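Biologist: I am new to this structure and would like a close look at a single part of it, the metal site, with enough of the surroundings to place that part in the whole. Could you take me through it slowly and explain each term when it first comes up?

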Amino acid sequence: MDSELRDRVERAARTHALLNAVKYESDADVGAVMGPLMGENPEFREHADEIPGVIGGVVSEVNGLSDAERRDELATLAPEKLAELESEDEGEEHPLPDLSNVEDGVVMRAAPNPNGPWHLGHARMPAVIGTYKERYDGRFICRFDDTDPETKRPDLEAYDAILDAIDYLGFEPDTVLRASDRLETYYDHARELIDRGGAYTCSCPGAEFSELKNAGEACPHREKDPEQTREEFEAMIDGEYSAGEMTLRVRTDITHKNPALRDWVAFRMIDRPHPREAASDYRCWPMLDFQSGVDDHLTGVTHIIRGIDLQDSAKRQRFVYDYFDWEYPEVVHWGHVQVDEYDVSLSTSTIKELIDEGKLDGWDDPRAPTLASLRRRGIRGQAIVDAMIELGTSTSNVELSMSAVYANNRDLIDDGADRHFFVRDGVEMAVDGGPDAGHPPVHPEHEERGRRDVPVPGAVLVEPADVPPTGERVWLKGFGCVRHVDDGFTYVGDDIAAVREEDVPVIHWAPAEGGVPLRLRTTDGDVTGVAEPALADAAVDDVVQFERVGFARIDALGDEAVAYFTHE
Ligand SMILES: [Zn+2]
């Protein structure tokens, strides 16, 4: 790269590094700068090897500045971007920008690969598409791009798990398609493409073709006549070749400046049968760019959202669209979404491995960053959708903060959640005197929902950290004030002034006998304890609040009740 270009890269990188740092009030990182930089400056792409090094230097300089210095510099370099950031801070703009070219309707698709149930990051696509569908009265297609039985092998249970997840998020696709049902359609389009001179069969070993391609040279098969290609393609369909022996390539531009676009593979042979019975006889499989490109057109998709790292897809597919005289849909590129709080990464294969190794109990293990897990924990799909929408669709990488999901969810569930006591690892304290039961409210803001009846059978359980020093008092919530004497508590009275004026701590408790043994499953592992007897009257799926512990969804009732921790 020459020094003039280097200057341009440095300037653009500096703006993005400043933006990133100011936006998140933290240090910038190279990955977050790379995406938008390449997105806005396609001409930088051919220097993709050198650019991270340039960005690295810029990022470390920016990270040496104070927040105020960063803002000042950004105000000079890109005042309009700073203004945009500040108005976002004030929440004035809708986080999802309007789509362009919507006059003829809006049809969008989520195109999951069903190689596993969805993790949290997958919620972003249906959240955004579903929201646009509502805004434009459009259509939402769910298309399973399941045409790779080898490396992204479909998981038969994932199809329904993904549809369940979309339902959980509050959306219903207008159409559900499985690409593995549509092989004949792809074959027909390949035949037509061959007739139009847009494809040729090629038996070059992959490495050999690569070498030629990288040198901008055609392989010997490029100029064969369409008839021979037709014959060989039919033989591919008939399964007469093994994996690696024959491909069908799209004839693009063998000297194109981006080698990734040169004569890419549209179909290849895969020996391993597809796991779906209906597709198990096929051996000739389309590559994703061909399959999804054809499907997007045939199903009338008007707007595509895809990752900024997949910009080449549209460029590859445009060659096919040009052969067919089709109009390419509008494309919105967005950055990656990451999620804080979890130890497990947002990766289907990683989660699958951990389950296989027994380190997670399943896709709905509370430690797994999956939609099945959040659902089991009592988090409403709406809470996730709202948090995803807030992230917008910019080309920067974004981080989903679980605290935002939890805050949304708290607003949704708090009112309906009955209060209960749950004492973890309780110590038994005898109680001398006082009434024979406590009566805390079912819900502090809804006196009309009545009061609970928590018996005091001569002793209570309290959490070890809540036991006051001997001689000191605590307030057993709903019961009254007690003092710690040698062998337990003695009742002092029910004058609330002790709490209001003398700062006596209010604690939760459970009866020493007759409570409900409970296992609370949390993101940090299981905790056990005893809940008040009324929990036995709750129903599975109820979300309750264990006072001073947090919200939880009742998962099972019985000798030992099980609840999944929702959030505080
Ligand atoms: Zn060849």
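Modeller: What follows begins with the metal site and then moves outward to the strands, the helices and the protein as a whole. The model is predicted, so local features are given only where pLDDT is at least 70 and side-chain atom pairs only at pLDDT 80 or more, while totals for chains, interfaces and linings use all residues. Residues are numbered from 1 along each chain as its sequence is written, and side-chain values use heavy atoms, with hydrogens and water left out.

Which atoms coordinate the zinc ion? They are the SG atoms of Cys202, Cys204 and Cys219 together with ND1 of His221, at 2.1 to 2.3 Å; donors here are N, O and S atoms within 2.8 Å of the metal (3.2 Å for Na, K and Ca), and since water is not among the atoms, sites may look incomplete. The arrangement is tetrahedral because the 4 donor atoms subtend angles of 102 to 117° around the zinc ion, and four donors count as tetrahedral if all angles lie between 85 and 135 degrees. Along the chain, the donors of the zinc ion follow the spacing C-x1-C-x14-C-x1-H. Cys202 belongs to strand S4 (residues 199–202), whereas His221 sits in the loop between helix H9 (206–214) and helix H10 (226–237), so this pair ties together parts that are 19 residues apart in sequence. Helices (H or I, at least four residues) and strands (E, at least two) are DSSP runs, numbered from the N terminus.

Are these donor residues buried or exposed? Cys202 is buried, at a relative accessible area of 1%, where buried means under 20% relative accessible area, exposed over 50%, and partly exposed in between (1.4 Å probe, protein chains only). Cys219 also counts as buried, at 5% relative accessibility, and His221 is buried with a value of 17%. As for disulfides, a disulfide being a pair of cysteine sulfur atoms within 2.5 Å, the count comes to 0.

Turning to the strands, an open sheet of 7 strands runs in the order S21-S18-S19-S20-S14-S17-S22, with mixed pairing. Strand S21 (506–507) and strand S22 (510–511) stand at the edges with a single partner strand each, so one side of each is left without a neighbour in the sheet; two strands pair if DSSP finds at least two bridges between them. Within this sheet, strand S14 (residues 427–432) and strand S20 (residues 488–493) run parallel and are joined by 3 bridges, with Thr490 in S20 as the bridge partner of Asp432. On S20 there is also an antiparallel pairing with strand S19 (residues 480–485), made through 5 bridges, in which Cys481 stands opposite Gly493. S19 and S20 form a hairpin with 2 residues between them. Strand S17 (residues 459–462) is joined to S22 by 2 bridges in an antiparallel pairing, where Leu461 has Ala510 as its bridge partner.

Another pairing involves strand S1 (residues 107–110), which runs parallel to strand S2 (residues 139–144) and is joined to it by 4 bridges, with Val107 opposite Arg139. Both faces of S1 are covered, as Val107 and Arg109 on one side and Met108 and Ala110 on the other are all buried. In a regular strand the side chains alternate between the two faces of the sheet.

Two residues illustrate the helices. Val62, in helix H3 (residues 51–63), is buried with a relative accessible area of 0%. Leaving aside neighbours within four places in sequence, Val62 is in contact (heavy atoms within 4.5 Å) with Arg14, Ala17, Leu18, Ala21 and Arg70. The C-alpha atoms of Val62 and Ala17 are separated by 6.8 Å, although the two residues are 45 apart along the chain. Thr15 lies in helix H1 (residues 3–24) and is buried at 13%; with neighbours within four places again set aside, Thr15 is in contact with Leu74, Leu77 and Ala78.

For the whole, the protein has 17 helices and 27 strands, and its C-alpha atoms fill a box of roughly 100 × 60 × 45 Å along the principal axes. Buried residues make up 51% of the 568 residues, and of the contacts with a separation of 6 or more, 68% are between residues 24 or more positions apart.

How values were computed: Tetrahedral: all angles 85-135°; square planar, octahedral: opposite > 155°, others 65-115°.
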